[in-house]
Amino acid sequence: MSHCKVIRFGYLQTKFRGPLYPTLREVTISRNSILSGTRRPYAEAGVDIDAGNALVEAIKPLAKATARRGADAGLGGFGALFDLKAAGFHDPILVTTTDGVGTKLKVAIDCNQHDTVGIDLVAMCVNDLIVQGAEPLLFLDYYATGKLDVSAGKRIIAGIAEGCKQAGCALVGGETAEMPGMYAAGDYDLAGFALGAVERDRILPHNNISVGDIVLGLASSGVHSNGLSLVRKIAAQEKLSLSAPAPFDASKTLGEVLLEPTRIYVKAALQAVRSGHVKAMAHITGGGLLENIPRVLPEGMGVWLGATSWTAPSVFRWLASSGAIDPMEMARTFNCGIGLVAIVASEHAEEIIKILTSAGEKVFRIGEVELNRSEQRVTLEGADSVWPC
C-alpha cells in the first residue's frame with residue numbers, strides 16, 4: 001500500500017485561490033507519487049496545480065499592498081474579515097455590487113495587453129458602490145481560463161490590485177479557475193465582487209431632489225467598459241486593426257484608446273458625498289445617460305441635458321459617424337464622455353464642483369432637473385451636432 005499523507009496545496013481543478021488567497025488547501029495525495037516523479041494525470045487533463053501555486057506566490061505582495069483600516073489583506077484563511085468599527089463606522093448599512101469587463105477583454109486578448117483590465121473590473125464595481133454613498137471596503141475577483149498563463153495572470157491581478165488601491169479597498173480574495181475545454185486558447189473571463197458601507201443617514205439618493213437642481217457630469221476617460229461589442233463591429237466594418245493608428249488620434253493605436261481604463265471616481269466622489277450636499281449620483285455604464293440617470297430620480301422628475309455643455313473624447317464622434325449611430329442610440333449605448341453624474345442643489349453646485357475638481361476630476365454643468373416631459377425622462381438637446389451620424 002502506498003504511504004499517503006495529507007498535504008495542504010493550492011485549490012485544485014477550478015480553485016487555485018480561495019478567500020484571502022490561501023496557498024494551502026487540504027487534499028490527500030500520494031507522497032510517493034510526488035517524490036518519484038511519476039505521471040501526473042491531473043496535469044495531463046489540463047489542470048496545472050504548479051502553475052496555480054506559482055500564480056498565488058506571485059500575487060501575494062499585490063494583495064498585501066491593498067491593506068486598509070479594517071482589513072489587513074492577509075493571506076491564508078477561509079474567509080475575509082472586516083472590522084467596521086475599526087474603519088470608523090457607527091451605524092453602517094452594507095452595500096454589495098458585482099460586475100465584469102465584458103468584451104473589452106477581447107480587445108485586451110487580441111492586443112496581448114492585460115495590465116489594465118483589472119482596473120476596469122474594480123471600477124465597474126466600486127463606482128456602483130459610491131453612487132449609493134458607500135465607501136468601498138473589500139474586493140474579490142474571479143478569473144477563469146482554459147489554460148493558466150502565470151505571466152498574464154499576474155498582470156491581470158496586478159491591475160486589480162491597482163484598481164483597489166485607487167478605490168481604497170482591500171483585495172481580500174479571489175478564485176482562479178483553470179477549466180480545460182471551456183475557453184479558446186488564450187481567452188479568459190473576469191468577474192468582480194465589491195462590498196462597501198455607508199452610514200444609514202448618508203445613503204443615496206436622497207428624497208429631496210427638486211426641479212432646478214443642477215446635474216453635474218464627471219468626465220470619462222473614454223468608452224470605459226461598455227459598448228465594446230459595437231465598437232469592435234464598427235472597427236471590423238472599417239477594416240481597422242487594433243494595432244493601427246486610431247483614425248481620430250494618430251498618436252495612439254486604436255487598441256490603446258479602447259483599453260484606456262475605466263475611471264475610478266471613488267475618492268473624489270466620497271469627498272463630495274461627505275459634504276452633505278450631494279442629493280444623488282449615477283454611474284453611467286450600460287444604458288448610457290438615458291437609462292442610468294432615471295434610476296436615481298423620484299417619480300415625476302426628469303432631467304434636461306445639453307449635449308454641447310461638455311467635451312467628449314473624440315472616439316465618440318468617430319463611433320457615431322463611422323457606425324451611422326443615431327444620437328439618441330449613442331446616448332443609451334455609451335457614456336458619451338460622462339462617466340458619473342451628480343445631482344446637487346443650485347446653491348451648492350459651485351462648492352461640489354470645487355471639491356471634485358480639487359480631487360482631480362474634470363466636471364461640467366450638463367443640465368438640470370425638471371418635471372418629467374416624457375416616458376424617456378431624459379431630454380437631450382444638441383446631440384445631433386455633437387455626434388452626427
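What share of the contacts in the chain with a separation of 6 or more comes from residues 24 or more positions apart? In this predicted model, such residues account for 83% of those contacts. The chain holds 14 helices and 14 strands. Of its 389 residues, 50% are buried. About 17100 Å² of the chain is exposed, and carbon and sulfur atoms supply 52% of that area.

Helix α5 offers a good place to begin. The helix has 14 residues and spans 20 Å from its first C-alpha to its last, close to the 20 Å expected at 1.5 Å a residue. Because 13 of the 14 residues of α5 are buried, the helix is largely enclosed by the rest of the structure. The loop between α4 (104–111) and α5 contains Asn112, a residue whose phi is positive, about 55 degrees, although it is not a glycine. Most residues other than glycine have a negative phi, and most peptide bonds are trans. Asn112 is partly exposed, with 46% relative accessible area.

Helix α5 is also one of the partners of helix α9. Within α9 (residues 266–274), the buried residues are Val266, Ala268, Ala269, Leu270, Ala272 and Val273. An α-helix has 3.6 residues a turn, so residues three or four places apart point the same way. The buried residues of α9 pack against three helices and three strands by name: α5 (117–130), α6 (150–167) and α13 (349–358), together with β4 (135–145), β10 (278–283) and β12 (338–344). After α9 comes Gly276, with a positive phi near 85 degrees.

Helix α11 can be described in similar terms. Its residues run from 314 to 322, and Val315, Phe316, Trp318, Leu319 and Ala320 are the buried ones. These buried residues pack against α7 (228–237), α8 (254–258) and α12 (327–331). Following α11 is Ala324, where phi is again positive, near 50 degrees.

Turning to the strands, β11 (residues 301–306) and β14 run parallel and are joined by 4 bridges. Within this pairing, Trp304 stands opposite Thr379 of β14. Side chains alternate along β14: Val378 and Leu380 point to one face and are buried, whereas Thr379 and Glu381 point to the other and are not. The loop that leads from β13 (363–371) to β14 (378–381) contains Arg377. Arg377 is not a glycine, yet its phi is positive, near 75 degrees. In contrast to the partly exposed Asn112, Arg377 is buried, at 16% relative accessible area. A further backbone feature is found in the loop between β6 (188–199) and β7 (214–219), where Pro205 is placed. The peptide bond that joins Leu204 and Pro205 is cis, with omega about 0 degrees.

Aromatic contacts come next. A pair of aromatic rings is described by the distance of the centres and the angle of the planes. The count comes to 4 aromatic pairs. In one of them, the ring centres of Tyr143 and Tyr188 are 5.8 Å apart and the planes stand at 90 degrees, so the pair is edge-to-face. This pair links distant parts of the chain, since Tyr143 belongs to strand β4 and Tyr188 to strand β6, 45 residues apart. Tyr143 is buried, with a relative accessible area of 2%, and Tyr188 likewise counts as buried, at 7%. Another pair, Trp310 with Trp387, is tilted, with 6.3 Å from centre to centre and 50 degrees between the planes. Trp310 lies in the loop between β11 and α11 and Trp387 in the segment after α14 (383–386), so this pair ties together parts that are 77 residues apart in sequence. Both Trp310 and Trp387 are buried.

Finally, the cysteines. A disulfide is a covalent bond between the sulfur atoms of two cysteines. The count of disulfides here is 0. For Cys169, the nearest cysteine sulfur is that of Cys164, 3.8 Å away; a disulfide requires the sulfur atoms to be within 2.5 Å, and Cys169 is in no disulfide. Cys169 is buried, with 1% relative accessible area. Cys336 is buried too, with a relative accessible area of 0%.

Key: Residues are numbered from 1 along each chain as its sequence is written. This is a predicted model: local features need pLDDT of at least 70, side-chain atom pairs count only at pLDDT 80 or more; totals for chains, interfaces and linings use all residues. Side-chain values use heavy atoms; hydrogens and water are left out. Helices (H or I, at least four residues) and strands (E, at least two) are DSSP runs, numbered from the N terminus. Buried means under 20% relative accessible area, exposed over 50%, partly exposed in between (1.4 Å probe, protein chains only). Contact means heavy atoms within 4.5 Å. Accessible areas come from the Shrake-Rupley method with a 1.4 Å probe; for residues, only the protein chains shown count as cover. The expected span of a helix is 1.5 Å times one less than its number of residues. Two strands pair if DSSP finds at least two bridges between them. Rings of Phe, Tyr and Trp (its six-membered ring) pair if their centres lie within 6.5 Å; planes under 30 degrees apart count as stacked, over 60 as edge-to-face and the rest as tilted.
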